[in-house]
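Here is a short, friendly tour to read alongside the sequence and the 3D view. Keep both open as you go.

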Amino acid sequence: MKITFRLVLLAAAAGLGFWLWTVLFPSPEKVVLKKMAGLAATATFDSGDSNLTRAAKAASLAGFFATDAQIVINIPNVAIRTFSGREEIRESAMAGFVSLSSLKVQFFDTTVVVGSDQQTADVNCTANVSTGKSKDFGVQELHFQFKKMDGNWLIIRVETVKTLS
Amino acid sequence: MPATTDHSTLAHRLRVLAIGRRPRATLARILVLVVVCFITFRFVLLPVRIEGISMLPTFHDGQIHLVNRLAFLFHEPQRGDIVAIRFSRPGTFSVPSEMLMKRIIGLPGETVTFHAGRACINGKPLDEPYVKLPCDWEHGPIVCGPDQYYVVGDNRSMPFELHMQGRAGRDRIVGQPLL
């Protein structure tokens with residue numbers, strides 16, 4: 001009985017230790033997933049948010065990107081545009097955030113594949129974006145490329161993916 | 001004490017009605033039912049809510065349907081089938097959160113064109129009784145690859161450019177709505 005109790009205690013301690021280890025030293029997949037969740041939360045704002053809050057969110061959004069990051073939007077008949085560099089992304093986000101009444105961004109079915117060098121990651125997801133109080137929304141498949149720079153995972157490229165060719 | 005006897009009989013009957021004569025067996029049945037329901041509605045019959053107008057008048061905005069993931073287990077999708085198409089991670093068995101609901105009109109290797117609002121397959125007009133709304137689409141030939149299906153919604157009254165349609169790989173087809 002005493003041995004069983006000790007074994008259970010040992011297993012519990014090992015489990016706790018493993019959990020602590022994953023919390024303190026998360027895997028690159030977890031870090032990138034957390035970044036994606038943060039990106040969606042930062043890009044989302046309510047109609048009640050002031051312009052100051054929106055400007056802060058736009059600046060914060062740009063912080064997810066590398067200085068030479070690129071966003072390539074290629075949705076035929078809807079939008080074809082490329083944003084190059086963190087500054088252009090920040091300015092475009094600022095302009096968009098001020099002109100929209102509200103914005104809700106959600107990423108679904110996110111998959112992360114970390115490169116063998118543990119310094120790059122490819123992320124695929126489905127973005128669901130809705131604006132204002134209308135029921136209108138857009139669903140778009142996206143591909144993100146992350147790179148670890150100075151210990152921080154930053155987006156170096158975002159591109160739209162054609163679900164139907 | 002007849003009243004007490006009646007009361008205890010009623011309580012016993014209610015107890016039997018609620019949890020059965022053998023509570024352990026009832027509990028086991030409930031557990032099995034919960035597990036079967038979880039597996040069925042999580043992995044086999046996926047509940048989906050239709051959003052948008054591209055499948056009018058067959059499907060309306062806000063309708064609830066079940067997508068059968070085993071529909072194409074023993075046969076390949078056919079022309080006229082309504083299919084659910086996954087947005088991300090093609091080729092996996094994971095359950096997608098967002099799907100497109102479209103109808104197959106072109107099969108692998110076929111050429112799809114739209115002329116005077118009618119879909120043509122390899123140059124021949126396709127009979128589509130499910131298309132009820134007026135259409136004036138004109139579009140050049142699109143050739144489906146060996147593993148591609150041409151999918152389009154039933155609502156052809158909206159502009160061609162705004163209607164999400166095109167070739168979907170077989171690995172993107174998740175299943176078929178039940179009804």
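## A salt bridge between the chains

In this predicted model, B:R172 pairs with A:E141 in a salt bridge, and their closest N and O atoms are 3.1 Å apart. That distance falls inside the 4 Å cut-off, so the pair counts as a salt bridge. Across the interface of chain B and chain A, one salt bridge is found. Polar contacts join five residue pairs between chain B and chain A, with both partners at pLDDT 80 or more.

Which strands of chain B help to form the side that touches chain A? At least two residues each come from β3 (82-86), β9 (148-152) and β10 (166-169) of chain B. The largest share belongs to β10(B), which supplies three residues. Sorted by class, this side of chain B holds eight nonpolar, five polar and eight charged residues.

## How much the chains bury

If you would like to look at the whole contact, chain B brings 21 residues to it and chain A brings 16. Together the two chains bury about 1,600 Å², and 53% of that area is on carbon and sulfur atoms. On the chain B side, B:F87, B:R89 and B:E98 lose the most area to chain A, and together they make up 33% of what that side buries.

## A pocket to explore

What is the volume of the second largest pocket? Its computed value is about 220 Å³. The lining of this pocket takes in 13 residues, and those nearest the centre are B:R69, B:F93, B:R170, B:I173 and B:V174.

Strand β11 of chain B, residues 173-177, gives the most to this lining, with three residues. By class, the lining of the second largest pocket has six nonpolar, three polar and four charged residues.

## Two backbone details

Most residues other than glycine have a negative phi, and most peptide bonds are trans. Two places in this model are worth a look with that in mind.

Is the peptide bond from B:L56 to B:P57 cis or trans? The bond is cis, with omega near -5 degrees. You will find B:P57 in the loop of chain B that runs between β1 (45-49) and β2 (64-68).

Over in chain A, A:D109 has a positive phi of about 50 degrees, although this residue is not a glycine. A:D109 sits in strand β3 of chain A, which spans residues 103-114.

Notes:
Residues numbered from 1 in each chain as written. Chains lettered and ligands numbered in written order. Predicted model: local features only at pLDDT ≥ 70, side-chain atom pairs only at ≥ 80, totals over all residues. Heavy atoms only, no water. Contact = heavy atoms within 4.5 Å. Buried area = accessible area lost by both parts, 1.4 Å probe. Salt bridge = Lys/Arg side-chain N within 4 Å of Asp/Glu carboxyl O. Polar contact = N/O pair within 3.5 Å; in protein donor to acceptor, adjacent residues only side chain to side chain. Helix = DSSP H or I, 4+ residues; strand = E, 2+ residues; numbered from the N terminus. Nonpolar A, V, L, I, M, F, W, Y, C, P; charged D, E, K, R; others polar. 1 Å grid on protein atoms, 1.4 Å probe; cavity = no way out; pocket = protein on both sides within 12 Å on 5 of 7 lines; lining within 4 Å. Points joined across faces, edges and corners; volume = space filled by probe spheres on them.
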